[in-house]
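Thanks for making time. I have one structure to go through this morning, and I will keep to what the coordinates show.

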Amino acid sequence: MKKITKEFLAEKYDELYKKAVELQKKYSPCGFKKKGGKTTCVAGRDGKNYCKENPNDNFCCDGCRYLGADGCTTEALRCQIWFCGYLYENGLDSELKKELDQLVSETWDYGFFVFRGSKQDNLYEAYYKFGLLRTIRF
Ligand code: SF4
Ligand code: SF4
């Protein structure tokens with residue numbers, strides 16, 4: 001594996017995020033629809049609730065600090081490769097699953113673990129994983 005530096009991790013994050021967005025575009029598993037200023041997904045329209053933080057809503061992004069009027073306002077890799085139980089129970093496309101497996105594995109390898117997290121939030125976790133944070137001595 002190439003030497004891990006902060007610059008390398010930032011580039012790797014961009015690369016994986018781009019792939020994740022391409023997968024979302026190619027398969028559109030969540031079936032987003034916008035109506036009356038509110039975005040809904042297939043799970044929500046079927047009355048299923050996958051939002052633990054805001055149980056009155058049916059959309060897994062509800063309540064997130066990064067959710068804006070037109071959707072996510074940050075590059076949240078971990079969210080792009082996460083799908084709820086409803087989608088798995090109702091048959092997530094097998095080709096999507098295959099492509100996803102590789103992406104998930106790489107995302108984990110580099111320590112980009114933060115769900116509902118920005119690129120910076122994730123890079124911070126990765127710096128920690130690879131010992132790139134300075135320690136403070138008292
Ligand atoms: S992952 Fe599930 S709950 Fe989240 S947007 Fe997609 S269908 Fe909706
Ligand atoms: S960070 Fe994740 S949960 Fe928050 S708005 Fe973006 S995709 Fe949704």
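I will start with the overall fold, go on to helix 1 and the cores, and finish with a loop glycine and the two ligands.

One caution before the details: this is a predicted model. The chain has 138 residues, and 21% of them are buried. There are six helices and four strands. Reading from the N terminus, the order is α-β-β-α-β-β-α-α-α-α. Along the principal axes, the C-alpha atoms take up a box of roughly 50 × 35 × 25 Å. If you take the contacts between residues at least 6 apart in sequence, 57% of them join residues at least 24 apart.

Now helix 1. This helix covers residues 6–27, which is 22 residues. From first C-alpha to last it reaches 32 Å, close to the 32 Å expected at 1.5 Å a residue. Just after helix 1 comes Ser28, with a positive phi near 40°.

Which residues of helix 1 are buried? They are Leu9, Tyr13, Leu16, Tyr17 and Ala20. Viewed down the helix axis, these buried residues fall within an arc of 105°, so they line one face of helix 1. On the other side, Glu7, Glu11, Glu15, Lys25 and Lys26 are exposed. What does the buried face pack against? The partners are helix 3 at 77–80, helix 5 at 94–109 and helix 6 at 119–129.

That brings me to the cores. The largest nonpolar core has 13 residues, and within this core Tyr13 and Leu77 touch the most other members. Helix 1 and helix 6 each supply at least two residues of the core. Helix 1 gives the most, with five residues. To stay with Tyr13 for a moment: setting aside neighbours within four places in sequence, Tyr13 is in contact with Leu77, Phe112, Lys119, Asn122 and Leu123. There is also a second, separate core of nine residues, which includes Cys41, Cys60, Cys61 and Cys64.

Next, a residue in a loop. Gly117 sits between helix 5 and helix 6. Is Gly117 buried or exposed? Gly117 has 21 C-beta neighbours inside 10 Å, and the cut-off for buried is 20 or more, so Gly117 counts as buried. Beyond neighbours within four places in sequence, Gly117 is in contact with Ala76, Arg78 and Asn122. Gly117 and Tyr66 are 51 residues apart along the chain, yet their C-alpha atoms are separated by 8.2 Å.

Tyr66 leads on to ligand 2, since Tyr66 is one of the residues around ligand 2. The others are Cys61, Cys64, Leu67, Cys72, Thr74, Ala76, Cys79 and Arg116. By type, that shell divides into seven nonpolar, one polar and one charged.

Last, ligand 1. The surrounding residues are Cys30, Cys41, Val42, Ala43, Gly44, Tyr50, Phe59, Cys60, Phe83, Cys84, Tyr86 and Leu87. Helix 2, at 42–45, and helix 4, at 85–89, are the elements that give two or more residues to this shell. The largest share, three residues, comes from helix 2. How many charged residues are in the shell around ligand 1? There are no charged residues there; the shell has 11 nonpolar and one polar.

A last word on where the cysteines come up. Cys41 and Cys60 are in the shell around ligand 1, and Cys61 and Cys64 are around ligand 2. These four are among the residues of the second core. That is the end of my part.

Definitions and conventions
Residues are numbered from 1 along each chain as its sequence is written. Chains are lettered from A and ligands numbered from 1 in the order in which they are written. This is a predicted model: local features need pLDDT of at least 70, side-chain atom pairs count only at pLDDT 80 or more; totals for chains, interfaces and linings use all residues. A residue is buried if 20 or more other C-beta atoms lie within 10 Å of its own, exposed if 12 or fewer, and partly exposed in between; C-beta atoms are placed from the backbone. Two residues are in contact if their C-beta atoms, placed from the backbone, lie within 7 Å. The expected span of a helix is 1.5 Å times one less than its number of residues. The arc is that of the directions from the helix axis to the C-beta atoms. A residue is near a molecule or strand if its C-beta atom, placed from the backbone, lies within 6 Å of it. Ala, Val, Leu, Ile, Met, Phe, Trp, Tyr, Cys and Pro count as nonpolar, Asp, Glu, Lys and Arg as charged, and the others, Gly among them, as polar. A nonpolar core is a set of buried Ala, Val, Leu, Ile, Met, Phe, Trp, Tyr and Cys residues joined through C-beta atoms within 7 Å.
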